[in-house]
Amino acid sequence: MKNFKSRMHLFIFCLMTISIISCGDDDDQQEEDVFAGCCSGLTAFGEDVDNLDQSQGEIIADNIFTPNGDANNDYFPVENIGLYDNHVVSIYNADDELLFESTNYGANADEFFPTQNQGLFGVEGVPDGTYKYKIVVEDEQTFKKSGFFCLFTNNPPLEQQNFADCNPLEPGEFDQILTGH
């Protein structure tokens, strides 16, 4: 009987030790940076292809925008895409799930990303973070560009973020939440 009690005490001690150690693991987990790599300039879907005569205007996708409903930089900007027929603009989340696709990007309000309602605290169903884009123009010539961008509505606040690698970040081009002006 004494041997049984000793083993039981040892078992309880081991069980308590494991419980205490495993509880401490939760505190060591670091919060994921949802903006990691959003202004990296890397391609998201293979190599880019540019065989397109862009004399009408260069197709440029900025890598940060601020959809917070203030009418400044509220939609993912793809400069000059409307000048080229046969284009597709696709937006994906970090898990490569298609969130948005348009063959007439920017032609009207529902042809911009995001299409969801915007408010001071973000976009309904589209959290702040890093997203992927793919732009394809297929005509006699081919253009394919992909990359990453930041969707930022000041949640978490700017002082907790570093967008130094984002392009462009010139005063007056973006919301006050990015430039501080």
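Asp 128 is buried (under 20% relative accessible area, 1.4 Å probe, protein chains only) and yet has no salt bridge, meaning a side-chain nitrogen of Lys or Arg within 4 Å of a carboxyl oxygen of Asp or Glu. The nearest side chain of opposite charge belongs to Lys 132, 18 Å away. This is a predicted model, with pLDDT of at least 70 needed for local features and 80 or more for side-chain atom pairs, while totals for chains, interfaces and linings use all residues. Numbering runs from 1 along each chain as its sequence is written, and side-chain values use heavy atoms, leaving out hydrogens and water.

So what does the side chain of Asp 128 touch? A polar contact joins it to the side chain of Thr 153; that term takes N or O atoms within 3.5 Å, one able to donate a hydrogen and the other to accept it, with residues adjacent in sequence counting only if both atoms are side-chain atoms.

Thr 66 counts as buried because its relative accessibility is 0%. Here are the distances around Asp 128:

| Pair | Distance |
|---|---|
| Asp 128 and Thr 153, side chains | 2.7 Å |
| Asp 128 and Thr 66, C-alpha to C-alpha | 9.1 Å |
| Asp 128 and Lys 132, side chains | 18 Å |

In sequence, Thr 66 and Asp 128 are 62 residues apart. Thr 66 sits in the loop between β3 (64-65) and β4 (78-79), and Asp 128 in the loop between β8 (122-123) and β9. Strands here are DSSP runs (E, at least two residues), numbered from the N terminus.

Terms used: Helices (H or I, at least four residues) and strands (E, at least two) are DSSP runs, numbered from the N terminus. Buried means under 20% relative accessible area, exposed over 50%, partly exposed in between (1.4 Å probe, protein chains only). Lys and Arg count as positive and Asp and Glu as negative; His and the chain ends are not counted.
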